[in-house]
Amino acid sequence: MDTELIIIKDYCDRCHVDPQFIFELENDGLITVHEVNEERYISSDQLSELECYLHLYYDLEININGIDAIRHMLNRIESMQKEILFLKNQLSFFNR
């Protein structure tokens, strides 16, 4: 499946999002913005993540630093879950 590029300006206009919010997410490394011929794009595979950030920011009033902290914690939890699964598999191998 090919990744579609979405023009940030069009997305912001259509979804009533402040373009500065997208810029802040980009500056904090939370999303990747592509620039082609002076037009800024976001890939479609980042949309669900962007919508999550929009929910946190606009609906729950969590600032960019809070969003970054939440993202870091979720990544850490995911990493720990993978480690637990690996250890669980090792234990089941030794308990045979």
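**Notebook: hairpin, core and salt bridges**

I started at N37, which is exposed, with a relative accessible area of 75%. A reminder to myself before going on: this is a predicted model.

**Entry 1: the hairpin.** I looked up where N37 sits and found it in the loop between β2 and β3. The hairpin of these strands has two residues between them, and N37 takes a positive phi near 50° there. I then checked the pairing: β2 (residues 33–36) and β3 (residues 39–43) run antiparallel and are joined by four bridges. Across the pair, E35 stands opposite R40 in β3. I also took one distance from the loop. The C-alpha atoms of N37 and L60 are 35 Å apart, with these positions 23 residues apart along the chain.

**Entry 2: S43.** Next I moved along to S43, which lies in strand β3. Is S43 buried or exposed? Its relative accessible area is 7%, so S43 is buried. I asked what it touches, setting aside neighbours within four places in sequence, and got T3, E4, L5 and H34. Closer in sequence, the side chains of S43 and D45 are joined by a polar contact of 2.3 Å.

**Entry 3: the core.** I turned to the largest nonpolar core, which has 19 residues. Which residues have the most contacts inside it? They are F21, I22, L25 and L50. I traced the core back to the helices: α1 (8–15), α2 (19–27), α3 (47–59) and α4 (64–94) each supply at least two of its residues. The largest share, five residues, comes from α3. I picked L50 for a closer look and listed its contacts beyond four places in sequence: Y11, F21, I22, L25 and I42.

**Entry 4: helix α1.** Y11 led me to α1, where the buried residues are I8, Y11 and C12. Seen down the helix axis, these buried residues fall within an arc of 95°, so they line one face of α1. I looked at what this buried set packs against and noted β1 (5–7), α2, β2, β3 and α3. On the face turned away from the buried side I found the exposed residues K9 and R14. Just after the helix, H16 takes a positive phi of about 60°.

**Entry 5: salt bridges.** How many salt bridges does the structure hold? I found four, and I wrote up three of them here. As a general note, side chains of opposite charge can pair when their charged atoms come close.

- K9 and D13 meet through their side chains at 3.1 Å, N to O. They are four residues apart in helix α1, so about one helical turn separates them. K9 counts as exposed at 52% relative accessibility, while D13 counts as partly exposed at 47%.
- E49 and R71 form a salt bridge at 3.5 Å, N to O. This pair links distant parts of the chain, with E49 in helix α3 and R71 in helix α4, 22 residues apart. Both count as partly exposed, E49 at 29% and R71 at 26%.
- K82 and E78 have their closest N and O atoms 3.5 Å apart. They too sit four residues apart, this time in helix α4, with about one helical turn between them. K82 is exposed at 55%, whereas E78 is partly exposed at 41%.

Key. Residues are numbered from 1 along each chain as its sequence is written. This is a predicted model: local features need pLDDT of at least 70, side-chain atom pairs count only at pLDDT 80 or more; totals for chains, interfaces and linings use all residues. Side-chain values use heavy atoms; hydrogens and water are left out. Two strands pair if DSSP finds at least two bridges between them. Buried means under 20% relative accessible area, exposed over 50%, partly exposed in between (1.4 Å probe, protein chains only). A polar contact is a pair of N or O atoms within 3.5 Å; within protein, one must be able to donate a hydrogen and the other to accept it, and residues adjacent in sequence count only if both atoms are side-chain atoms. Contact means heavy atoms within 4.5 Å. A nonpolar core is a set of buried Ala, Val, Leu, Ile, Met, Phe, Trp, Tyr and Cys residues joined through side-chain atoms within 4.5 Å. The arc is that of the directions from the helix axis to the C-beta atoms.
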